[in-house]
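This report describes the fold of one protein chain, moving from its sheet to its helices, its cores and its loops. The sequence and the structure are shown first.

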Amino acid sequence: VWAGVLPAGPNGRALTATFKHADTFEFQDAVGQVILETAKVVPQGMLVFLPSYSLMDKLINRWKATDVIKQLKKVKRVVMEPRTKGKEFEAAMKLYCHSIESGGGALLFAVCRGKVTNARADREAQ
């Protein structure tokens, strides 16, 4: 298991998710390229934490427009943390885990302090 923060994109530009930078295509494209290149070399699963659902939506929409999401799906199963708890969340987590266990690999986009974080903390507390 490796956990870390990637401070710069492939072009050397800082990956600073401030309000000012997060709205730029340059930032969104750099984040997409970093995740894509990392997904190509990381076996099994990747968990990508983002600061908000708003940024997650913004990135996914940009990547759909630029085909980055299509490229990611060729490398790993892409799973998004749903905004709601319950069955939808459980289904997303099962899909992520099953994709890893079956050898295909998966990429889970989640929000810091969101449901994935809370579910992990709950499991560790038991």
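Helices, as the word is used here, are DSSP runs of at least four residues of type H or I, numbered from the N terminus. Just after one such helix, H5, Gly103 takes a positive phi of about 90°. The model is a predicted one.

## The sheet

Three strands form an open sheet in the order S1-S3-S2, with parallel pairing. S1 and strand S2 (77–80) stand at the edges with a single partner strand each, so one side of each has no neighbour in the sheet. On average, neighbouring strands are turned by 20° against each other, direction ignored.

S1 and S3 are joined in the parallel sense over six bridges. Within this pairing, Gly45 has Ala106 of S3 as its bridge partner, Val48 has Phe109, and Phe49 stands opposite Ala110. On the other side of the order, S2 and S3 run parallel and are joined by four bridges; here Val78 stands opposite Leu107.

How are the side chains of S1 arranged along the strand? In a regular strand the side chains alternate between the two faces of the sheet. S1 shows such alternation: Met46, Val48 and Leu50 point to one face and are buried, whereas Gly45, Leu47 and Phe49 point to the other face and are not buried.

S3 presents another picture. Ala106, Leu108 and Ala110 point one way from this strand, Leu107, Phe109 and Val111 point the other way, and all are buried. Since six of the six residues of S3 are buried, the strand is largely enclosed by the rest of the structure. Helix H2 lies across S1 and S3 and runs at about 160° to S1.

## The nonpolar cores

The largest nonpolar core has 22 residues, of which Ile35, Trp63, Leu72, Leu107 and Phe109 touch the most other members. At least two residues of this core come from each of helix H2 (25–41), strand S1 (45–50), helix H3 (53–66), helix H4 (68–75) and strand S3 (106–111). H3 gives the most, with six residues.

Trp63 has contacts with residues elsewhere in the sequence. Leaving aside neighbours within four places in sequence, Trp63 is in contact with Gln28, Val31, Gly32, Ile35, Val68, Ile69, Leu72 and Phe109. Apart from the largest core lies another, of nine residues, including Val79, Tyr96, Ala110 and Val116.

## Helices H3 and H5

The 14 residues of H3 should span 20 Å at 1.5 Å a residue, and the end C-alpha atoms of H3 are 20 Å apart, which agrees. The buried residues of H3 are Tyr53, Leu55, Met56, Leu59, Ile60, Arg62 and Trp63.

Helix H5 (residues 87–101) has 15 residues and reaches 21 Å from its first C-alpha to its last, close to the 21 Å expected at 1.5 Å a residue. Which residues of H5 are buried? They are Phe89, Ala92, Met93, Tyr96 and Ser99. Seen down the axis of H5, the buried residues fall within an arc of 130°, so they line one face of the helix. The face turned away from this buried side carries the exposed residues Lys87, Lys94, His98 and Glu101.

## Positive phi in the loops

Most residues other than glycine have a negative phi. Two residues other than glycine have positive values here: Gln44, with phi near 65°, and Asp67, with phi near 70°. Gln44 is placed in the loop between H2 and S1, and Asp67, which follows H3, is found in the loop between H3 and H4.

The relative accessible areas of these two residues are set out below.

| Residue | Relative accessible area | Class |
|---|---|---|
| Gln44 | 53% | exposed |
| Asp67 | 36% | partly exposed |

The two fall into separate classes because exposed means over 50% relative accessible area and buried means under 20%, with partly exposed in between. Gln44 stands at 53%, whereas Asp67 stands at 36%.

Note on methods:
Residues numbered from 1 in each chain as written. Predicted model: local features only at pLDDT ≥ 70, side-chain atom pairs only at ≥ 80, totals over all residues. Heavy atoms only, no water. Core = buried A, V, L, I, M, F, W, Y, C linked by side-chain atoms within 4.5 Å. Buried < 20%, exposed > 50% of the residue type's maximum accessible area, 1.4 Å probe, protein only. Contact = heavy atoms within 4.5 Å. Expected span 1.5 Å × (residues − 1). Arc of directions from axis to C-beta. Pairing = 2+ DSSP bridges. Axes fitted to C-alpha atoms, helices over the stretch in contact; angles between N-to-C directions.
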